[in-house]
Amino acid sequence: MDYKKSAGKILQDISSSLDSFTEKDATPGLLGGYTGAALFYAYYYQLTEKEEHLNKIHQLLERALHDLAATALPFSHCNGIAGMVWCIQHLIKAGFAGEDELEDIFEEVDEVLGKEMLSALQQREYDFLHQGLGIALYFLERNHYTAAEKWLPALVDNLQSTAIETPAGITWKDQLTGLSDQPAGSRSFNLGLAHGVPAIIAVLGMIHRKGIAVAQTETMIRKGLSWLEACQNQPGEENTSLYPVLVDQHHQALTGKQSRLGWCYGDLGIATTLLNAGNWLQDDYYTESALRIFHHTIRNRNIHNSFVHDACLCHGSAGIAHIYRRAWLQTNESFLLNGATDWLQHTLQMNTHKEGPAGFRFLGKDDYENSYGILEGVAGIGLSLIAAIDPDTDPAWDRCILLC
């Protein structure tokens, strides 16, 4: 199969479906709404250089600014203010908008989001997608360094003060997906990149890379990774997964030792966090640990045992393909490119839903449904496909899901 030709045709269909989606009453969010479509159009414009895509970016930016001013929105990274202004900052850096005329807006947003971030974290609301932690990505993307310098050290202090010290290292209790049927006094800890400890470590690493609280974040990253590695399933057990989804305070799996292969939960998110830590800290130990996990997933996981039912970025084939591709870009290890190509081929064969945008549908709670956003829909599938066929452009959009 000529995957570049196939991907190019699918991208045309995705672009058309997003044209229709954004002309309707779509919600504003980054990972689930029309703001994410603007991110797709930006990278698609860089691939095609077609003015129509550039015009769509400008239309959606104007719409986002209007909704920020006129609509009551949540603060979250996934579907709220933080994700929207992250995207605007990202597009400014790429040259699609000027910052000077927007600086007053950002200064107001800085104060609102900074206070909300710290308030949420003080209440131990760490969830990356829906609570306080994801707001940090806006300050990390912000061109105005003073904003990051003001709010991110306070975030680090907060995470340090709320961390749970254990013999294995430090961790943070899961507040969102804790199990109601556990004995009194038990605690659950989330190992997913979407909602759990790997996301906290990833944000600390991005702050470290920015040159803020360098010594403090390095200590926390190392202790956090030490705890995370202690959660690995024991050798010799018949599991295709190295890491479970949730563990208790004794590192014992709470919902079974298997996890899906995907961005949101499972081995790939942990491997990505370790690989990035190797870069942040210039420590080959973490790089080698990451490569061992990636090797394991490629040897032992496939379309049949990975709980992959669609092509979405969150837990589908396009997300898996892009994670391997991003890791290949960082390491130049050929087995990672082979893994990316294999999962890309699966993605190109999943557009079989006649009623879905570009032929794709997302498997929801009860049935397949149409989805247009970055995390669960065709905007994210499109960004993954663009990265696969445009080696000259850094897929820096994946910072919004903690991949680099």
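## H315 and its surroundings

At 12% relative accessibility, H315 counts as buried, and the residue is placed in the loop that runs between α11 (284–300) and α12 (317–331). The structure discussed here is a predicted model, and the values that follow are to be read with that in mind.

Leaving aside residues up to four places away in sequence, H315 touches R260, L261, G262, W263 and C264, together with F307, V308, D310 and F362. One of these contacts, C264, is itself a residue of the annotated site described next.

## The annotated binding site

An unreviewed UniProt entry places the feature "binding site" at C264, C314 and H315. These residues span 52 residues in sequence, yet no two of their C-alpha atoms are more than 6.1 Å apart, so they gather at one spot. The lining of the largest pocket includes C264, C314 and H315, which ties the record's annotation to a pocket computed from the atoms.

C264 lies in the loop between β4 (246–247) and α10 (267–281). Its contacts, again not counting residues up to four places away in sequence, are G192, L193 and A194 on the one hand and C314 and H315 on the other.

## The two cysteines

Are C264 and C314 buried or exposed? C264 is buried, with a relative accessible area of 5%, and C314 is buried as well, at a relative accessible area of 8%.

A disulfide is a covalent bond between the sulfur atoms of two cysteines. A search of the whole structure finds 0 disulfides. C264 is in no disulfide, although the sulfur of C314, its nearest cysteine sulfur, is 3.7 Å away; C314 is likewise in no disulfide, and its nearest cysteine sulfur is that of C264, 3.7 Å away. Because a pair of cysteine sulfur atoms must lie within 2.5 Å to be counted as a disulfide, the separation of 3.7 Å leaves C264 and C314 uncounted as a bonded pair.

## The largest pocket

About 250 Å³ of space lies in the largest pocket, and its lining is made up of 17 residues, of which L129, C314, F362, L375 and E376 lie nearest the centre. Two of these names have already appeared, since C314 belongs to the annotated binding site and F362 is among the residues that H315 touches.

By class, the lining of the largest pocket comprises 8 nonpolar, 7 polar and 2 charged residues.

## The second largest pocket

The second largest pocket has a volume of about 200 Å³. Its lining consists of L65, L68, A69, T71, F75, I81, I105, E108, V109, V112 and L113, and the elements that give two or more residues to this lining are α3 (51–70) and α5 (103–122). Of the elements, α5 gives the most to the lining of the second largest pocket, with 5 residues.

In terms of residue class, the lining of the second largest pocket has 9 nonpolar, 1 polar and 1 charged residues, whereas that of the largest pocket has 8 nonpolar, 7 polar and 2 charged residues.

## D283

D283 lies in the loop between α10 and α11. With a relative accessible area of 19%, D283 is buried, the cut-off for that class being under 20%. Apart from residues up to four places away in sequence, D283 touches R222 and G278.

Definitions and conventions:
Residues numbered from 1 in each chain as written. Predicted model: local features only at pLDDT ≥ 70, side-chain atom pairs only at ≥ 80, totals over all residues. Heavy atoms only, no water. 1 Å grid on protein atoms, 1.4 Å probe; cavity = no way out; pocket = protein on both sides within 12 Å on 5 of 7 lines; lining within 4 Å. Points joined across faces, edges and corners; volume = space filled by probe spheres on them. Nonpolar A, V, L, I, M, F, W, Y, C, P; charged D, E, K, R; others polar. Helix = DSSP H or I, 4+ residues; strand = E, 2+ residues; numbered from the N terminus. Buried < 20%, exposed > 50% of the residue type's maximum accessible area, 1.4 Å probe, protein only. UniProt positions renumbered as here; feature names shortened; annotations may be inferred. Contact = heavy atoms within 4.5 Å.
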